[in-house]
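Hello,

Here is the structure you asked about. My notes follow beneath it.

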Amino acid sequence: MKEYTDATPPDVVRHPVVPVRDVVIFPHCTARFFIGRRSSILAFQRALQSDRIVFLATQYDATVDEPTPDQVYSVGTLAQITKSLRLPDGTIKVEVEGRRRGRAVNITVEDGCWVATIRQLSEEIDSPARLRSLLGRLSILLDQYVQHYPNADIRHAFRSQDPSHIADVLADSLKLDVQVKQELLETTSVAGRLSRLIELLQIEIQKAELDREINNRVKQQMERAQREYYLNEKLKAIHKELGRKDEKAELEELRQKIEEAGMSKEAYEKAMNELKRLEQMPPMSAETTVSRNYIDWLLAVPWKQASEEIRDLQYAENVLNQDHYGLEKIKERILEYLAVRQLVENPKGTILCFVGPPGVGKTSLGRSIAKATGRKFVRLSLGGVRDEAEIRGHRRTYIGALPGQIIQMMRKAGTINPLIMLDELDKLGVDFRGDPAAALLEVLDPEQNFMFRDHYLDVEYDLSRVMFIATANVTHTIPPALQDRLEILRIPGYTEYEKLQIAKRHLIPKRLKETGLHPASITFTDDGIRRIIQFYTREAGVRNLEREIGSICRKIARKLVSSGESHETYRETVTEQAVKAYLGPEKFRPGVANERNEVGVATGLAWTEMGGEVLQIEVTLMPGSGKLTLTGKLGEVMRESAQAAISYVRSRSQRFHIPTDFHKNYDIHIHIPEGAIPKDGPSAGITMAVAIASALTGNPVRCDVAMTGEITLRGKILPIGGVKEKLLAAHRAGITTLLLPKENKKDLVDIPNDILEALTIEFVESMDEVLHVALENPLPQSDQTSVSPLWAQERSQSGESANQLAE
């Protein structure tokens, strides 16, 4: 093999050329690489056939697979091939050793490979003193470099005493860019190469020191934070050293979301200001979390996303009829609202309030309205809420502050036009933290809620497109100012016929599906359902009715599984007897009318939150000193009604033919059964008066008559409330004649026709009319009648006849 030595090199030589990628071969250094291009393989083979010398030139662009001669650096290295190995895929693994620098003067293609005319580059001569000084400085820097990078194997460069050799080996060993290495290769001055290497080492050492400083700072921070934040903290430390703001992708994403959120001008400015503050805050600051949460809430609430509302009246009517039986007035009001929505582009929000006993379907009706109008439905329970901040939110100065429930419901809905149901509005509380009902005034006022301001967000938020529906059991606990904002729609309860239809259409199919029973296998008879309604439930709604039907379905499901039969063959009919067998003893004794006329016993009607009730008011007389006893846990208003009834009877004593001093000789005891249940209200006034008059005159009260109304001292009958509930109770009790104040005649519009047909309703204006109808023997219209049997009996015991008393 002919070797090419440094002792006697020719100035100009011709050798094959092999372009290399991403590597620069230096003299005095060994390199290994693969040859795969056809031109390079041919050049390699040509070199093996001659003196094993090739010219290695680096490509400008490593991505070019087939470079042209003008796409490689002209300065390269003449290298001698020391080893080669052909691999099965045709590539050749080569080991070469660099000899001298050279510049390609001309490159031609011969026999498919590159051949270059190469002028060898001579090194410039520098003073030995300068070289020694540069080598000394280089040695010190290498020691520092090795301290930072212990795995760097670069000390072997000083095994040679030749400065040129040292410079080339060191340039090859350092991890430098290809362009920097090419620059060192093209530098023929040894002192110049050493100076450049000193600069590069100083830069690398400074980088290493900076990296160590950053690592130390991050390590200190990691002692106070979790380990998974390591990469983020290191990045922040780097940004701090470079003097730049923290431009994390997360903050950029927040900025983009703010731009696209469609916020109001005020909210947009607040969000951008808060984002700027967040960029400048230290990452571990407690204020960072506060600002980030605030921005997240501003982005979470909807600003422009709206549901596409359904304005098809026929569709809405079908949905309401499908989900609910009856409630015609409520359905009519909803359809009116939808009709207005079609005629007016942006009508003001409507705030409806459903008032009625539990279980009549107030909440489910709101859900059906949302379905019929195409709005998102969210429910907010206000029962027991006592803090104003639950509505308006907490200010951000408090730890753990959050927006109020209104804003949270808007976030949950995700649209600016949802249906928000404010459940249990009548159960709001008040304490030292404020009045939540007062806070709701702004929410439920169409003239104000377009600029609702939550304490946490502290920006105006438009609630004008929200449809609010409130529910309550009673209205007297709702503040008057809040009632003024509401359109109250009363749902008094269901008749027995309505409950029967609801059970057949909704409750029974629902419970059969929940218990896995086939509708064709189980049949409920009308008598069976009525049995459940009358003897196992006592409510205005249907919640307990559904519960009892579910109990029967579960028992049937167990029976079906135990029998081993299939749905196709199993059949069962739930009759009255089956209801008793499944549900056990009757739970309630329905209020029924007396079977016979009795003295001192009158039937009254009362309103409760559970619906109407029948009350039996009993009066008895005992010899005494005129003491009045009231029992049955009566309230203050009812006690006053009893006093008024007695005063009325005393004022009519001559007409009733009873002694005017009866109140001095007899004690009167008024009792209303079921004494454990509190009772109050003015509507029992006429019932008490009738019972007292009956007891004093001995004239029985008709058992088929029930009455309700408030009495005055002059015997006038005043109107009362809860007419529908009371009529339903009378119908359930089997009453045939009902006495109502004449001014309540207007309330019969809402009474079902089947109830009106089953009752004979007498409208009265005075107690004279009441007594004429209620007593078995109507009192005479003139004063010339015999004294009542009771007083006649008392006088006869003292030796006086009834006729003498009349004279």
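**Notes on the predicted model**

Arg100 is found in strand E5, which covers residues 92–110. This is a predicted model, and every value below was computed from it. Arg100 counts as buried because its relative accessibility is 17%, under the 20% limit for that class. Its side chain reaches the backbone oxygen of Leu121 at 3.4 Å.

On the chain as a whole: there are 807 residues, of which 48% count as buried. The chain has 29 helices and 24 strands. Among contacts with a separation of 6 or more, 73% are between residues 24 or more positions apart. The accessible surface comes to about 40,500 Å², and carbon and sulfur atoms hold 48% of it.

Next, the interior. The largest nonpolar core has 54 residues, and Leu422 and Leu440 have the most contacts inside it. Leaving aside residues up to four places away in sequence, Leu422 touches Leu440 as well as others, including Leu380, Ile406, Phe468 and Thr471. Another core, of 53 residues, lies apart from the one around Leu422; Leu327, Phe354, Leu517 and Tyr570 are among its members. In soluble globular proteins, nonpolar side chains tend to be buried together.

There is also a nonpolar patch on the surface. Val340, Leu343 and Val344 make it, and its area is about 290 Å². Val344 sits in the loop between helix H11 (328–343) and strand E7 (351–355). Is Val344 buried or exposed? Neither: Val344 is partly exposed, because its relative accessible area is 37%, and that class lies between 20% and 50%.

Regards

Methods
Residues are numbered from 1 along each chain as its sequence is written. This is a predicted model: local features need pLDDT of at least 70, side-chain atom pairs count only at pLDDT 80 or more; totals for chains, interfaces and linings use all residues. Side-chain values use heavy atoms; hydrogens and water are left out. Patches are made of residues with over 30% relative accessible area and no salt bridge: like charges are joined within 9 Å, nonpolar side chains (Val, Leu, Ile, Met, Phe, Trp, Tyr) within 5 Å. Accessible areas come from the Shrake-Rupley method with a 1.4 Å probe; for residues, only the protein chains shown count as cover. A salt bridge is a side-chain nitrogen of Lys or Arg within 4 Å of a carboxyl oxygen of Asp or Glu. Helices (H or I, at least four residues) and strands (E, at least two) are DSSP runs, numbered from the N terminus. Buried means under 20% relative accessible area, exposed over 50%, partly exposed in between (1.4 Å probe, protein chains only). A polar contact is a pair of N or O atoms within 3.5 Å; within protein, one must be able to donate a hydrogen and the other to accept it, and residues adjacent in sequence count only if both atoms are side-chain atoms. A nonpolar core is a set of buried Ala, Val, Leu, Ile, Met, Phe, Trp, Tyr and Cys residues joined through side-chain atoms within 4.5 Å. Contact means heavy atoms within 4.5 Å.
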